[in-house]
Amino acid sequence: MEKAVTFDELALLSKIKTKPGLYFGQPSLKSLRDMLGGMSYAFSVCGQPDALFYFSHFTKWYNAQLMEKDKNGYACWWNYILYISGGFDDQAFFNFFRAFEKYLMDVHKLTLPPSDH
């Protein structure tokens, strides 16, 4: 019998935050967005649509916040984070994690676990 594999979304994000170069070569919100979007799709195809629960709920939460305050057409979580980062993808990466950790704390009373890197 095969052992069931569990996936720890927050542990992965903690590792990516700590060592982005290991995953992308350099900090990059666009690369993070693409990776997480691909993972979300892959998990849904495999019948596990909630594997990236916190990320998917963060994007909905962040987009809802934008709809209330943004009138400049940046009403998409990643596009707005890139905009407020001056278009700098590496700064947007770090700003994503600031926003994501605020979401975790405000909504779920959680923090990212310490990375074992």
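**Figure 1. S14 is a buried residue of helix α1 in this predicted model.** The relative accessible area of S14 is 5%, under the 20% limit, so the residue counts as buried. S14 sits in helix α1, which spans residues 9-18. Setting aside residues up to four places away in sequence, S14 touches L112, P113, P114 and S115. One of these partners, S115, belongs to the segment after α6.

**Figure 2. S115, in the segment after α6, touches residues of low sequence number.** S115 has a relative accessible area of 23% and counts as partly exposed. Apart from residues up to four places away in sequence, S115 touches S14, K15 and T18. The C-alpha atoms of S115 and L13 are 8.9 Å apart, although the two residues are separated by 102 positions in sequence.

**Figure 3. F100 of helix α6 is buried.** Helix α6 covers residues 89-108, and F100 lies in it. The relative accessibility of F100 is 0%, which places the residue in the buried class. Leaving out neighbours within four places in sequence, the contacts of F100 are L10, L13, Y54, F55, F58 and L112. L112 is also touched by S14. Between F100 and Y62, 38 residues apart along the chain, the C-alpha separation is 8.8 Å.

**Figure 4. F94, also placed in helix α6, is partly exposed.** The relative accessibility of F94 is 32%. The C-alpha atom of F94 lies 8.6 Å from that of S28, a residue 66 positions away along the chain.

**Figure 5. Q26 occupies the loop between α2 and α3.** Helix α2 comprises residues 20-24. Q26 is exposed because its relative accessibility, 51%, is over the 50% limit. Aside from neighbours within four places in sequence, Q26 is in contact with P20 and G21. The C-alpha atoms of Q26 and D90 are 7.4 Å apart in space, and the two residues are 64 apart in sequence.

**Figure 6. Helices α3 and α5 are roughly antiparallel to each other.** Two packed helices are described by the distance between their axes and the angle between those axes. Here the axes of α3 (residues 29-45) and α5 (residues 77-84) come within 11 Å and cross at roughly 170°. This angle is over 145 degrees, and the pair therefore counts as roughly antiparallel. On the α3 side the contact is made by L29, K30 and R33, and on the α5 side by W77, W78, I81 and L82. By class, the residues of this contact divide into five nonpolar and two charged, with no polar residue.

**Figure 7. Helix α5 has four buried residues and is followed by a glycine with positive phi.** The buried residues of α5 are W77, Y80, I81 and L82. W77, I81 and L82 also take part in the contact with α3. After α5 comes G86, with a phi near 70°.

**Figure 8. K109 has a positive phi without being a glycine.** Most residues other than glycine have a negative phi. The phi of K109 is about 55°. K109 is placed in the segment after α6, as is S115. With a relative accessibility of 62%, K109 counts as exposed.

**Figure 9. C46 and C76 are shown in a structure with zero disulfides.** C46 is exposed, having a relative accessible area of 62%. C76, with a relative accessible area of 23%, is partly exposed. The search that finds zero disulfides covers the whole structure.

**Figure 10. The whole protein has six helices and zero strands.** From the N terminus on, the order of elements is α-α-α-α-α-α. The protein has 117 residues, of which 32% count as buried. Its accessible surface comes to about 7,200 Å², and 55% of this area belongs to carbon and sulfur atoms. Among contacts between residues at least 6 apart in sequence, 56% join residues at least 24 apart.

Definitions and conventions:
Residues are numbered from 1 along each chain as its sequence is written. This is a predicted model: local features need pLDDT of at least 70, side-chain atom pairs count only at pLDDT 80 or more; totals for chains, interfaces and linings use all residues. Side-chain values use heavy atoms; hydrogens and water are left out. Helices (H or I, at least four residues) and strands (E, at least two) are DSSP runs, numbered from the N terminus. Buried means under 20% relative accessible area, exposed over 50%, partly exposed in between (1.4 Å probe, protein chains only). Contact means heavy atoms within 4.5 Å. Accessible areas come from the Shrake-Rupley method with a 1.4 Å probe; for residues, only the protein chains shown count as cover. A disulfide is a pair of cysteine sulfur atoms within 2.5 Å. Axes are lines fitted to C-alpha atoms, for helices over the stretch in contact, and angles run from 0 to 180 degrees between N-to-C directions. Angles under 35 degrees count as roughly parallel, over 145 as roughly antiparallel, 65 to 115 as roughly perpendicular and the rest as oblique. Ala, Val, Leu, Ile, Met, Phe, Trp, Tyr, Cys and Pro count as nonpolar, Asp, Glu, Lys and Arg as charged, and the others, Gly among them, as polar.
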